[in-house]
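Trainee: I am new to this structure and would like a close look at a single part. Please take one strand and describe what surrounds that strand.

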Amino acid sequence: MDIFERIVASEGGPLGQYRKRAHGYYTFPKLEGEIQPYMTFNGKKVLAWTFNNYLGLANDPEVRKTDAEAAAKWGLAYPMGARMMSGHTSLHEQLERELAEFEHKEDAYLLNFGYQGMISILDSLLTRRDVVVYDEECHACIMDGLRLHMGIRMKYAHNDIVDCEKVMARATKKAEEQGGGVLLVTEGVYGMTGALGILDQLVALKQKYNFRILIDDAHGFGVMGEHGAGTSEHFGVMDGIDLYFGAYAKSMASIGGFIAGPAPIIGFLRYNMRSQIYAKSLPMAFVEGNLKRLDMIRKGDERRKHLFKIARALQNGLRERGFDIGPAEACITPVFVHGTVPEATNILIDLRENYKIFCSVVIYPVVPKDVIMFRLICTAMHQMEHVEYTLKAFEEIKKKLEAGAYKGDAVQDRALGKTE
(Lines give C-alpha, C1' and ligand atoms only; values in the text may rest on other atoms or scores of the structure.)
Protein backbone atom coordinates (compact mmCIF):
# COMPACT_ATOMS: atom_id res chain seq x y z
CA MET A 1 0.00 0.00 0.00
CA ASP A 2 1.19 3.52 -0.74
CA ILE A 3 2.44 5.27 2.41
CA PHE A 4 0.28 8.34 1.87
CA GLU A 5 -2.80 6.23 1.11
CA ARG A 6 -2.30 4.30 4.34
CA ILE A 7 -2.02 7.50 6.36
CA VAL A 8 -5.08 9.09 4.75
CA ALA A 9 -7.10 5.91 5.34
CA SER A 10 -6.04 5.64 8.97
CA GLU A 11 -7.75 7.25 11.95
CA GLY A 12 -4.72 9.45 12.48
CA GLY A 13 -3.18 7.76 15.50
CA PRO A 14 -4.05 7.89 19.23
CA LEU A 15 -4.40 11.67 19.24
CA GLY A 16 -4.92 12.36 15.55
CA GLN A 17 -8.19 10.43 15.57
CA TYR A 18 -9.76 13.45 17.29
CA ARG A 19 -8.39 16.05 14.90
CA LYS A 20 -11.51 16.67 12.82
CA ARG A 21 -13.58 17.76 15.82
CA ALA A 22 -10.73 18.93 18.03
CA HIS A 23 -8.47 21.07 15.84
CA GLY A 24 -8.53 24.74 16.70
CA TYR A 25 -10.45 24.34 19.94
CA TYR A 26 -9.27 21.39 22.01
CA THR A 27 -6.02 20.95 20.10
CA PHE A 28 -3.95 23.72 18.52
CA PRO A 29 -6.01 26.50 20.16
CA LYS A 30 -4.94 30.10 19.65
CA LEU A 31 -4.29 32.18 22.74
CA GLU A 32 -3.59 35.73 21.67
CA GLY A 33 -2.28 38.91 23.25
CA GLU A 34 0.46 39.63 25.76
CA ILE A 35 1.50 36.65 27.90
CA GLN A 36 -0.30 37.38 31.14
CA PRO A 37 -3.05 35.82 33.33
CA TYR A 38 -5.80 37.07 31.03
CA MET A 39 -5.51 36.43 27.30
CA THR A 40 -7.85 36.20 24.33
CA PHE A 41 -9.28 32.90 23.08
CA ASN A 42 -11.84 32.86 20.28
CA GLY A 43 -12.38 36.58 20.76
CA LYS A 44 -13.08 36.27 24.50
CA LYS A 45 -10.94 37.16 27.51
CA VAL A 46 -10.01 34.05 29.50
CA LEU A 47 -8.05 33.35 32.67
CA ALA A 48 -5.11 31.26 31.44
CA TRP A 49 -3.64 28.43 33.51
CA THR A 50 -1.66 26.87 30.71
CA PHE A 51 1.75 28.53 30.35
CA ASN A 52 5.19 27.22 31.35
CA ASN A 53 6.10 30.79 32.27
CA TYR A 54 6.69 29.81 35.88
CA LEU A 55 8.52 32.91 37.09
CA GLY A 56 6.64 35.36 34.88
CA LEU A 57 9.76 36.31 32.93
CA ALA A 58 8.11 36.23 29.49
CA ASN A 59 6.82 39.79 29.85
CA ASP A 60 9.19 41.11 32.48
CA PRO A 61 10.26 44.62 31.37
CA GLU A 62 13.98 44.00 32.02
CA VAL A 63 13.91 40.72 30.12
CA ARG A 64 11.96 42.19 27.22
CA LYS A 65 14.43 45.09 27.03
CA THR A 66 17.39 42.70 26.90
CA ASP A 67 15.68 40.56 24.25
CA ALA A 68 14.88 43.60 22.10
CA GLU A 69 18.38 45.06 22.36
CA ALA A 70 20.03 41.70 21.63
CA ALA A 71 17.81 41.12 18.59
CA ALA A 72 18.54 44.61 17.29
CA LYS A 73 22.27 44.16 17.87
CA TRP A 74 22.72 40.64 16.50
CA GLY A 75 19.59 39.77 14.53
CA LEU A 76 18.52 36.11 14.60
CA ALA A 77 21.16 34.78 12.21
CA TYR A 78 24.40 35.25 14.16
CA PRO A 79 26.32 33.09 14.80
CA MET A 80 26.01 31.16 11.56
CA GLY A 81 26.55 27.42 11.51
CA ALA A 82 26.99 24.77 14.18
CA ARG A 83 29.07 25.45 17.29
CA MET A 84 31.88 23.12 16.21
CA MET A 85 32.35 24.76 12.81
CA SER A 86 31.53 28.46 12.96
CA GLY A 87 28.81 29.08 15.54
CA HIS A 88 30.90 29.44 18.68
CA THR A 89 31.19 32.71 20.67
CA SER A 90 32.48 34.01 23.99
CA LEU A 91 28.91 34.62 25.15
CA HIS A 92 28.02 30.96 24.58
CA GLU A 93 30.99 30.08 26.79
CA GLN A 94 29.94 32.63 29.41
CA LEU A 95 26.44 31.19 29.66
CA GLU A 96 27.92 27.70 30.02
CA ARG A 97 30.26 28.82 32.81
CA GLU A 98 27.48 30.54 34.71
CA LEU A 99 25.12 27.57 34.36
CA ALA A 100 27.81 25.15 35.54
CA GLU A 101 28.56 27.33 38.56
CA PHE A 102 24.85 27.67 39.36
CA GLU A 103 24.42 23.89 39.31
CA HIS A 104 27.67 23.22 41.22
CA LYS A 105 29.13 21.31 38.28
CA GLU A 106 32.51 21.52 36.56
CA ASP A 107 31.18 22.32 33.10
CA ALA A 108 28.03 22.76 31.05
CA TYR A 109 27.07 22.66 27.38
CA LEU A 110 24.29 24.62 25.71
CA LEU A 111 21.60 22.86 23.71
CA ASN A 112 19.74 24.66 20.95
CA PHE A 113 16.58 22.69 21.78
CA GLY A 114 15.92 20.74 24.95
CA TYR A 115 13.94 17.86 23.44
CA GLN A 116 16.48 17.00 20.74
CA GLY A 117 19.27 17.63 23.23
CA MET A 118 18.07 14.96 25.64
CA ILE A 119 17.70 12.45 22.80
CA SER A 120 21.26 13.16 21.71
CA ILE A 121 22.66 13.01 25.26
CA LEU A 122 21.36 9.47 25.70
CA ASP A 123 22.48 8.45 22.24
CA SER A 124 26.02 9.71 22.95
CA LEU A 125 26.44 8.35 26.47
CA LEU A 126 25.32 4.77 25.98
CA THR A 127 26.91 1.83 24.17
CA ARG A 128 25.26 -1.50 23.44
CA ARG A 129 27.07 -2.96 26.49
CA ASP A 130 25.46 -0.45 28.86
CA VAL A 131 22.18 -0.95 30.70
CA VAL A 132 19.81 1.97 31.21
CA VAL A 133 17.31 2.03 34.08
CA TYR A 134 14.46 4.54 33.92
CA ASP A 135 11.24 5.61 35.60
CA GLU A 136 8.24 4.36 33.63
CA GLU A 137 6.73 7.86 33.52
CA CYS A 138 9.75 9.61 32.04
CA HIS A 139 9.10 12.34 29.47
CA ALA A 140 8.73 11.58 25.77
CA CYS A 141 12.17 13.05 24.97
CA ILE A 142 13.77 10.47 27.26
CA MET A 143 11.71 7.66 25.77
CA ASP A 144 12.68 8.73 22.25
CA GLY A 145 16.33 8.83 23.28
CA LEU A 146 16.09 5.36 24.78
CA ARG A 147 14.70 4.02 21.53
CA LEU A 148 18.11 4.71 20.01
CA HIS A 149 19.86 2.63 22.69
CA MET A 150 21.01 -0.66 21.20
CA GLY A 151 21.54 -2.26 24.61
CA ILE A 152 19.25 -3.31 27.46
CA ARG A 153 16.57 -1.00 28.85
CA MET A 154 14.89 -1.67 32.21
CA LYS A 155 12.04 0.39 33.64
CA TYR A 156 10.87 0.61 37.23
CA ALA A 157 7.47 1.57 38.63
CA HIS A 158 6.99 5.32 38.93
CA ASN A 159 8.72 6.75 42.01
CA ASP A 160 8.86 3.26 43.56
CA ILE A 161 12.26 2.90 45.25
CA VAL A 162 11.63 -0.75 46.19
CA ASP A 163 10.98 -1.70 42.57
CA CYS A 164 13.85 0.51 41.43
CA GLU A 165 16.29 -1.34 43.68
CA LYS A 166 15.11 -4.70 42.36
CA VAL A 167 15.62 -3.46 38.79
CA MET A 168 19.00 -1.95 39.69
CA ALA A 169 20.21 -5.28 41.09
CA ARG A 170 19.33 -7.01 37.81
CA ALA A 171 20.79 -4.18 35.73
CA THR A 172 24.07 -4.21 37.66
CA LYS A 173 24.48 -7.95 37.18
CA LYS A 174 23.69 -7.72 33.47
CA ALA A 175 26.08 -4.79 32.93
CA GLU A 176 28.88 -6.68 34.66
CA GLU A 177 28.29 -9.68 32.41
CA GLN A 178 28.47 -7.47 29.33
CA GLY A 179 31.38 -5.32 30.44
CA GLY A 180 29.24 -2.17 30.50
CA GLY A 181 27.89 0.32 33.00
CA VAL A 182 24.50 1.40 34.33
CA LEU A 183 22.80 4.75 33.79
CA LEU A 184 19.69 5.68 35.77
CA VAL A 185 17.44 8.28 34.13
CA THR A 186 14.68 10.07 35.98
CA GLU A 187 12.96 13.45 36.24
CA GLY A 188 13.16 16.13 38.88
CA VAL A 189 9.57 17.27 38.37
CA TYR A 190 7.10 15.26 36.33
CA GLY A 191 5.50 17.72 33.95
CA MET A 192 2.06 16.15 33.75
CA THR A 193 1.42 15.59 37.45
CA GLY A 194 3.67 18.02 39.29
CA ALA A 195 5.08 15.12 41.33
CA LEU A 196 8.72 15.30 42.38
CA GLY A 197 11.16 12.56 41.48
CA ILE A 198 12.51 10.62 44.47
CA LEU A 199 16.03 11.96 43.93
CA ASP A 200 17.19 11.59 47.53
CA GLN A 201 16.23 7.92 47.59
CA LEU A 202 17.81 7.26 44.19
CA VAL A 203 21.08 8.92 45.20
CA ALA A 204 21.10 6.81 48.38
CA LEU A 205 21.12 3.67 46.21
CA LYS A 206 24.64 4.61 45.11
CA GLN A 207 25.85 3.30 48.46
CA LYS A 208 24.89 -0.21 47.34
CA TYR A 209 25.24 -0.13 43.54
CA ASN A 210 27.64 1.33 40.99
CA PHE A 211 25.70 3.51 38.54
CA ARG A 212 25.40 7.07 37.24
CA ILE A 213 22.34 9.34 37.47
CA LEU A 214 21.01 11.67 34.76
CA ILE A 215 18.03 13.81 35.69
CA ASP A 216 15.75 15.75 33.39
CA ASP A 217 14.88 18.79 35.51
CA ALA A 218 13.17 20.83 32.80
CA HIS A 219 10.29 21.71 35.15
CA GLY A 220 12.47 22.12 38.26
CA PHE A 221 15.29 24.32 37.01
CA GLY A 222 14.85 27.91 38.18
CA VAL A 223 11.92 27.00 40.43
CA MET A 224 12.76 24.25 42.89
CA GLY A 225 15.31 24.62 45.66
CA GLU A 226 16.25 27.49 47.94
CA HIS A 227 18.02 29.35 45.14
CA GLY A 228 16.16 27.90 42.16
CA ALA A 229 18.98 25.54 41.20
CA GLY A 230 16.45 22.75 40.79
CA THR A 231 14.99 19.64 42.34
CA SER A 232 18.43 18.28 43.24
CA GLU A 233 18.96 21.41 45.36
CA HIS A 234 15.49 20.94 46.87
CA PHE A 235 16.49 17.47 48.08
CA GLY A 236 20.05 18.48 48.98
CA VAL A 237 21.62 15.97 46.58
CA MET A 238 23.31 18.19 43.98
CA ASP A 239 26.61 16.36 44.40
CA GLY A 240 24.91 12.99 43.97
CA ILE A 241 23.47 13.86 40.56
CA ASP A 242 26.07 13.07 37.91
CA LEU A 243 24.45 14.83 34.96
CA TYR A 244 21.91 17.63 35.28
CA PHE A 245 19.68 18.56 32.34
CA GLY A 246 17.80 21.86 32.44
CA ALA A 247 15.56 23.60 29.92
CA TYR A 248 15.00 27.27 29.19
CA ALA A 249 11.41 26.80 28.04
CA LYS A 250 9.84 26.63 31.51
CA SER A 251 11.15 28.97 34.22
CA MET A 252 13.06 31.10 31.70
CA ALA A 253 10.23 31.26 29.14
CA SER A 254 12.80 30.99 26.36
CA ILE A 255 14.25 28.38 23.98
CA GLY A 256 17.01 25.83 24.46
CA GLY A 257 18.54 23.86 27.29
CA PHE A 258 21.81 22.68 28.82
CA ILE A 259 23.56 19.68 30.29
CA ALA A 260 25.92 20.10 33.26
CA GLY A 261 28.34 17.64 34.85
CA PRO A 262 31.99 16.59 35.12
CA ALA A 263 34.27 18.44 32.69
CA PRO A 264 35.55 15.28 30.90
CA ILE A 265 31.99 14.04 30.29
CA ILE A 266 30.70 17.40 29.07
CA GLY A 267 33.76 17.61 26.82
CA PHE A 268 32.89 14.20 25.39
CA LEU A 269 29.27 15.25 24.77
CA ARG A 270 30.42 18.50 23.15
CA TYR A 271 32.20 16.46 20.48
CA ASN A 272 29.67 13.63 20.12
CA MET A 273 26.12 15.01 20.38
CA ARG A 274 24.81 14.74 16.84
CA SER A 275 21.85 17.07 17.47
CA GLN A 276 24.35 19.84 18.23
CA ILE A 277 27.23 18.98 15.90
CA TYR A 278 24.94 18.99 12.87
CA ALA A 279 22.56 21.79 13.88
CA LYS A 280 22.77 25.57 13.94
CA SER A 281 24.10 27.20 17.08
CA LEU A 282 21.73 28.89 19.51
CA PRO A 283 21.31 32.44 18.10
CA MET A 284 23.03 35.22 20.02
CA ALA A 285 19.76 36.98 20.85
CA PHE A 286 18.71 33.91 22.83
CA VAL A 287 22.12 33.54 24.45
CA GLU A 288 22.05 37.12 25.74
CA GLY A 289 18.41 36.78 26.70
CA ASN A 290 19.14 33.58 28.64
CA LEU A 291 22.07 35.21 30.45
CA LYS A 292 19.65 37.88 31.64
CA ARG A 293 17.08 35.26 32.64
CA LEU A 294 19.67 33.30 34.62
CA ASP A 295 20.55 36.49 36.47
CA MET A 296 16.83 37.00 37.22
CA ILE A 297 16.58 33.44 38.53
CA ARG A 298 19.54 34.00 40.84
CA LYS A 299 17.78 37.10 42.19
CA GLY A 300 14.29 35.59 42.04
CA ASP A 301 13.60 34.51 45.61
CA GLU A 302 10.51 36.70 45.89
CA ARG A 303 9.15 35.44 42.57
CA ARG A 304 9.55 31.84 43.72
CA LYS A 305 7.91 32.58 47.07
CA HIS A 306 4.91 34.14 45.34
CA LEU A 307 4.72 31.30 42.80
CA PHE A 308 4.49 28.68 45.53
CA LYS A 309 2.07 30.78 47.55
CA ILE A 310 -0.26 30.61 44.54
CA ALA A 311 0.46 26.92 43.88
CA ARG A 312 -0.16 25.87 47.48
CA ALA A 313 -3.38 27.89 47.68
CA LEU A 314 -4.69 26.27 44.50
CA GLN A 315 -3.61 22.75 45.47
CA ASN A 316 -4.84 22.95 49.05
CA GLY A 317 -8.12 24.49 47.91
CA LEU A 318 -8.74 21.71 45.40
CA ARG A 319 -7.93 19.00 47.94
CA GLU A 320 -10.23 20.63 50.51
CA ARG A 321 -13.03 20.49 47.94
CA GLY A 322 -12.57 16.78 47.42
CA PHE A 323 -10.61 16.83 44.19
CA ASP A 324 -7.95 14.26 43.41
CA ILE A 325 -4.77 16.12 42.38
CA GLY A 326 -2.40 13.24 43.05
CA PRO A 327 1.01 13.91 44.62
CA ALA A 328 1.42 17.39 43.06
CA GLU A 329 4.14 19.38 44.84
CA ALA A 330 5.54 21.62 42.10
CA CYS A 331 3.62 24.43 40.39
CA ILE A 332 1.89 22.03 37.96
CA THR A 333 -1.49 20.94 39.31
CA PRO A 334 -3.51 18.11 37.72
CA VAL A 335 -7.20 17.65 38.54
CA PHE A 336 -8.38 14.08 38.01
CA VAL A 337 -12.06 13.28 37.54
CA HIS A 338 -13.79 10.15 36.28
CA GLY A 339 -15.68 10.51 33.02
CA THR A 340 -15.86 9.84 29.31
CA VAL A 341 -14.29 11.69 26.37
CA PRO A 342 -17.60 13.51 25.57
CA GLU A 343 -17.83 14.59 29.21
CA ALA A 344 -14.24 15.85 29.08
CA THR A 345 -14.95 17.97 26.01
CA ASN A 346 -18.15 19.32 27.51
CA ILE A 347 -16.44 20.28 30.76
CA LEU A 348 -13.68 22.02 28.84
CA ILE A 349 -16.20 24.00 26.81
CA ASP A 350 -18.07 24.99 29.96
CA LEU A 351 -14.80 26.17 31.49
CA ARG A 352 -13.80 28.18 28.45
CA GLU A 353 -17.15 29.56 27.29
CA ASN A 354 -19.00 30.14 30.54
CA TYR A 355 -16.39 30.39 33.28
CA LYS A 356 -13.78 31.97 30.98
CA ILE A 357 -11.05 29.70 32.33
CA PHE A 358 -8.48 28.24 29.94
CA CYS A 359 -6.59 25.12 30.99
CA SER A 360 -5.50 21.98 29.20
CA VAL A 361 -7.38 18.67 29.25
CA VAL A 362 -5.73 15.27 28.96
CA ILE A 363 -7.61 12.14 27.94
CA TYR A 364 -6.87 8.56 26.90
CA PRO A 365 -4.30 7.32 25.82
CA VAL A 366 -2.26 9.66 28.06
CA VAL A 367 -4.43 8.71 31.05
CA PRO A 368 -6.72 5.65 31.58
CA LYS A 369 -9.95 5.51 29.54
CA ASP A 370 -12.29 6.49 32.36
CA VAL A 371 -10.13 9.38 33.61
CA ILE A 372 -10.14 13.05 32.63
CA MET A 373 -7.20 15.17 33.70
CA PHE A 374 -7.29 18.95 33.71
CA ARG A 375 -3.82 20.48 33.95
CA LEU A 376 -3.39 23.87 35.60
CA ILE A 377 -0.01 25.60 35.65
CA CYS A 378 0.60 28.27 38.27
CA THR A 379 2.93 31.17 37.54
CA ALA A 380 4.30 34.13 39.43
CA MET A 381 1.91 36.29 37.39
CA HIS A 382 -1.18 34.79 39.03
CA GLN A 383 -2.79 36.37 42.08
CA MET A 384 -4.94 35.02 44.91
CA GLU A 385 -8.10 36.39 43.29
CA HIS A 386 -7.43 34.12 40.30
CA VAL A 387 -7.10 31.13 42.61
CA GLU A 388 -10.32 31.89 44.46
CA TYR A 389 -12.29 32.33 41.23
CA THR A 390 -10.92 29.09 39.78
CA LEU A 391 -11.67 27.08 42.93
CA LYS A 392 -15.26 28.27 42.88
CA ALA A 393 -15.61 27.34 39.20
CA PHE A 394 -14.24 23.82 39.72
CA GLU A 395 -16.50 23.31 42.70
CA GLU A 396 -19.54 24.10 40.55
CA ILE A 397 -18.29 21.92 37.70
CA LYS A 398 -17.83 18.98 40.05
CA LYS A 399 -21.49 19.23 41.09
CA LYS A 400 -22.60 19.36 37.44
CA LEU A 401 -20.48 16.33 36.55
CA GLU A 402 -21.90 14.31 39.43
CA ALA A 403 -25.43 15.31 38.32
CA GLY A 404 -24.78 14.04 34.78
CA ALA A 405 -24.96 17.48 33.15
CA TYR A 406 -22.04 16.81 30.82
CA LYS A 407 -23.17 13.53 29.25
CA GLY A 408 -23.54 13.31 25.46
CA ASP A 409 -22.78 15.89 22.80
CA ALA A 410 -25.59 18.34 23.53
CA VAL A 411 -23.54 20.76 25.62
CA GLN A 412 -20.69 20.60 23.14
CA ASP A 413 -22.88 21.31 20.13
CA ARG A 414 -24.65 24.22 21.80
CA ALA A 415 -21.40 25.75 22.92
CA LEU A 416 -19.94 25.52 19.44
CA GLY A 417 -23.01 27.10 17.88
CA LYS A 418 -24.49 23.90 16.44
CA THR A 419 -28.23 23.28 16.42
CA GLU A 420 -30.26 20.17 15.74
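Mentor: In this predicted model, strand S14 is covered on both faces. One side carries Val371, Met373, Arg375 and Ile377, the other side carries Ile372, Phe374 and Leu376, and all of these are buried. For the strand as a whole, residues 371-377, that makes 7 of 7 residues buried. Buried here means under 20% relative accessible area.

The neighbouring strands come next. S11 pairs with S14 in the antiparallel sense, over 7 bridges. Within S14, arginine 375 has proline 334 opposite it. Strand S13, residues 360-362, also runs antiparallel to S14, and 3 bridges join the two. Here valine 361 stands opposite phenylalanine 374 of S14.

Phenylalanine 374 deserves a longer look. Leaving aside residues up to four places away in sequence, Phe374 touches Thr333, Pro334, Val335, Val337, Ala344, Ile347, Leu348, Leu351, Cys359, Ser360, Val361 and Phe394. The largest nonpolar core has 95 residues, and Phe374 and Trp49 are the members that touch the most others in that core. A second core, of 23 residues, is separate and includes Ile121, Tyr134, Leu243 and Phe245. In soluble globular proteins, nonpolar side chains tend to be buried together.

Phe374 also lines a cavity. The whole structure holds 2 cavities of 30 Å³ or more, and the second largest has about 40 Å³ of space. Its lining consists of Phe323, Val337, Ile347, Phe374, Phe394, Ile397, Lys398 and Leu401. By class, 7 of these lining residues are nonpolar, none is polar and 1 is charged. Helix H16, residues 384-402, contributes the most to this lining, with 4 residues.

The largest cavity has about 50 Å³ of space. Among the residues that line the largest cavity are Arg83, Tyr109, Asn112, Gln276 and Leu282. The largest share of that lining, 3 residues, comes from strand S4, residues 107-111. Its residues divide into 5 nonpolar, 3 polar and 2 charged.

Finally, consider the loop that follows S11. Threonine 340 is found between strand S11 (332-338) and helix H15 (341-354). Threonine 340 counts as partly exposed because its relative accessibility is 41%, and partly exposed covers the range between buried, under 20%, and exposed, over 50%. From C-alpha to C-alpha, threonine 340 and aspartate 60 are 40 Å apart in space, and they are 280 residues apart in sequence.

Technical notes. Residues are numbered from 1 along each chain as its sequence is written. This is a predicted model: local features need pLDDT of at least 70, side-chain atom pairs count only at pLDDT 80 or more; totals for chains, interfaces and linings use all residues. Side-chain values use heavy atoms; hydrogens and water are left out. A nonpolar core is a set of buried Ala, Val, Leu, Ile, Met, Phe, Trp, Tyr and Cys residues joined through side-chain atoms within 4.5 Å. Buried means under 20% relative accessible area, exposed over 50%, partly exposed in between (1.4 Å probe, protein chains only). Contact means heavy atoms within 4.5 Å. On a 1 Å grid over the protein atoms alone, a cavity is a set of points where a 1.4 Å probe fits but cannot get out, and a pocket is an open set with protein on both sides within 12 Å along at least five of seven lines; lining residues have an atom within 4 Å of a point. Grid points are joined across faces, edges and corners, and a volume is the space filled by probe spheres set on the points. Ala, Val, Leu, Ile, Met, Phe, Trp, Tyr, Cys and Pro count as nonpolar, Asp, Glu, Lys and Arg as charged, and the others, Gly among them, as polar. Two strands pair if DSSP finds at least two bridges between them.
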